[in-house]
Amino acid sequence: MARIQTLPGFHDLYPEDVLVRNYLFGIWRNLARRYGFAEFDAPLIESTDLYRKKSGEEILSQLFHFTDQGGRELALRPEITPSLARMAAARHRDYRKPIKWFEIGPCFRSEKPQRGRRREFIQFNCDIIGDDSPAADAELIALAIDLMRDLGFSAEDFHLRLSSRDAWTDFLTTEKIDPSHTPAFLAAIDKMERDPETSAKKLQQIGTKLETVQAFINAAQPPARLQQVLDDLNQRGLANYVKTDLSIVRGLAYYTGTVFEIFDAKHSMRAIAGGGRYDRLVHLISDGAADLPAVGFAMGNVVILDLIEACTEAQIRLQTHIADHSLADVFVIIADESRRPDALQTIQLLRDAGLAVDFPLTPTKFNKQFHGATAAKATVGVFIGDEFPDIKVKNLITRNERPANPTTLVDTVKEMQQDQGPLIA
Ligand code: HAM
């Protein structure tokens with residue numbers, strides 16, 4: 001039988017990959033906290049109907065779906081927004097408005113695996129529910145920009161393209177295009193940048209032309225609401241990260257007004273994050289039981305890591321985080337194997353004090369133990385030898401050392417962790 005590999009678009013995560021992933025999680029959680037968002041979660045598997053209701057054709061064609069033993073049609077979630085809309089509809093009376101919630105978790109889309117696109121990826125979602133003001137749009141956009149800044153990016157590395165579907169509703173009215181064509185029209189605009197030829201054909205079928213659409217994009221002034229969003233961002237000193245660009249309409253069907261996407265400045269990658277207002281989704285998902293305006297966005301973990309790799313400052317921040325999250329604080333070196341019982345007692349003492357401790361589980365040559373300390377990324381070595389209860393504590397980077405005994409050991413180790421002493425070559 002052939003060796004079983006990971007499926008296309010799915011990836012095994014080794015410890016070094018998890019360190020990188022957890023760096024993103026830390027930045028995401030910390031930012032959400034600074035903006036006053038509470039964390040929520042929802043099931044990985046949902047009824048396919050949830051996505052049929054309003055995510056749009058593109059997402060439906062990308063569902064990983066199956067029928068369960070009870071004959072239910074189910075899907076792995078391709079996004080979390082419909083689940084969130086259901087949750088908000090069910091319990092919104094229990095929460096103060098606006099509801100500000102965030103979520104971090106995996107999503108699944110059966111897309112063609114390519115650079116920036118996988119079949120399993122992680123999203124960070126932030127949403128504000130129950131507030132229809134432009135201030136809520138601006139708050140989320142500010143959060144998205146601050147997220148990029150927290151990761152180490154500047155206005156030279158990325159920009160946020162801001163748009164509104166309202167402008168296109170007006171365009172369709174002026175061009176006398178039947179509103180039933182709106183989804184096909186928006187899909188053609190969404191694909192225009194990546195595949196202008198196909199979009200041109202689709203626009204012609206609907207009754208307009210690529211040139212007319214492009215002229216509209218080039219001439220249009222931001223609609224009044226978008227201007228309010230821009231003014232708000234200007235007051236925060238964040239307007240230089242934003243470009244008004246009506247060619248952004250977003251691929252998902254449920255968006256109603258403000259929409260935005262973040263791209264790398266060279267525009268060499270897929271969208272880093274995207275979102276917008278979806279004022280009708282809660283109403284639709286709950287069959288009218290609740291009606292709440294909403295705005296939100298999501299960032300995936302794939303494109304952002306490509307961009308971190310391409311940007312020195314962002315790379316330094318990631319590497320510093322990785323270096324700061326070493327596996328062990330202390331490596332106990334058992335210099336005299338007959339002292340192993342004393343070493344075990346010492347290890348327990350250090351762990352009880354909250355220190356991360358590693359040591360050789362079986363008799364190991366002195367030199368090999370040093371390699372073990374390096375592999376464990378320990379900063380401090382504790383040497384247990386035949387002079388026990390005298391113990392040697394050494395900072396493995398500065399190579400400075402100090403004597404200790406079981407009573408003074410914890411304090412000495414903590415002091416030696418901070419040791420900055422002159423580096424000995
Ligand atoms: P989306 O544009 O479909 O929006 O996805 C948001 C982000 O998820 C993308 O910008 C990208 O970073 C990441 N992403 C999407 N598909 C993939 C993929 N196949 N591989 C890797 N990364 C991917 C939504 O999902 C909306 N639900 C966002 C939202 C939240 N709108 C309102 N609230």
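Is F102 buried or exposed, and what is the relative accessible area of F102? In this predicted model, F102 is buried, with a relative accessible area of 5%. The paragraphs below set this residue in the context of the whole fold and then turn to aromatic, charged and individual sites.

The protein contains 16 helices and 16 strands. Its radius of gyration is 28 Å, whereas a compact globule of 425 residues would have a value near 22 Å, and the C-alpha trace spans about 90 × 55 × 50 Å along the principal axes. Of the 425 residues, 48% are buried, and the surface that the protein exposes amounts to about 21500 Å², of which carbon and sulfur atoms supply 51%. When contacts with a separation of 6 or more are considered, 69% of them are accounted for by residues that stand 24 or more positions apart.

A search of the whole structure for aromatic pairs returns 20 of them. One of these is formed by F102 and F124, whose ring centres are 6.0 Å apart and whose planes meet at 65 degrees; because an angle over 60 degrees counts as edge-to-face, the pair is assigned to that class. F102 belongs to strand β5 (residues 99-108) and F124 to strand β6 (residues 120-129), so the pair ties together parts of the chain that are 22 residues apart in sequence. Both partners are withdrawn from solvent by the criterion used here, F102 being buried at a relative accessible area of 5% and F124 being buried at 0%. The two rings also take part in a cluster in which ring pairs link F25, W28, F102, F124, F260 and F297.

Aromatic faces are also met by positively charged side chains. R161 lies over the face of F263, at 4.8 Å from the ring centre, and K392 lies over the face of F383, at 4.6 Å from the ring centre. F263 appears again among the contacts of H159, a residue placed in strand β7 (residues 158-164). H159 is buried, with a relative accessible area of 10%, and, apart from its neighbours within four places in sequence, H159 is in contact with Y241, K243, E261, I262, F263, D264 and A265.

Salt bridges number 28 in a search of the whole structure. In one of them R29 is paired with E39, the closest N and O atoms being 2.9 Å apart. This pair links distant parts of the chain, with R29 in helix α1 (residues 15-34) and E39 in strand β1 (residues 38-39), 10 residues apart. Both residues are partly exposed, R29 at a relative accessible area of 37% and E39 at 41%.

A second salt bridge, between D146 and R149, brings the closest N and O atoms to 2.7 Å. Here the two residues share helix α5 (residues 134-150) and are three residues apart, which is about one turn of the helix. The partners fall into separate accessibility classes, D146 being buried at 11%, while R149 is partly exposed at 36%; the assignment follows from the cut-off, because a residue counts as buried under 20% relative accessible area. A similar division is found for the salt bridge between R339 and D342, in which the closest N and O atoms are 3.0 Å apart, since R339 is partly exposed at 25% relative accessibility, whereas D342 is buried at 18%. Beyond such individual pairs, salt bridges that share partners join D137, R225, R277 and D279 into one network.

Helix α5 also holds A142, a residue that counts as buried at 0% relative accessibility. With its neighbours within four places in sequence set aside, A142 is in contact with Y35, L233, R236 and L238. The C-alpha atoms of A142 and G237 are 9.7 Å apart in space, although these two residues are 95 residues apart in sequence. Helix α5 thus carries both the buried A142 and the salt bridge of D146 with R149.

Terms used. Residues are numbered from 1 along each chain as its sequence is written. This is a predicted model: local features need pLDDT of at least 70, side-chain atom pairs count only at pLDDT 80 or more; totals for chains, interfaces and linings use all residues. Side-chain values use heavy atoms; hydrogens and water are left out. Rings of Phe, Tyr and Trp (its six-membered ring) pair if their centres lie within 6.5 Å; planes under 30 degrees apart count as stacked, over 60 as edge-to-face and the rest as tilted. Helices (H or I, at least four residues) and strands (E, at least two) are DSSP runs, numbered from the N terminus. Buried means under 20% relative accessible area, exposed over 50%, partly exposed in between (1.4 Å probe, protein chains only). A charge sits over a ring if NZ of Lys or CZ of Arg is within 6 Å of the ring centre and within 35 degrees of the ring normal. The radius of gyration is taken over C-alpha atoms; the globule rule is 2.2 Å times the number of residues to the power 0.38. Contact means heavy atoms within 4.5 Å. Accessible areas come from the Shrake-Rupley method with a 1.4 Å probe; for residues, only the protein chains shown count as cover. A salt bridge is a side-chain nitrogen of Lys or Arg within 4 Å of a carboxyl oxygen of Asp or Glu.
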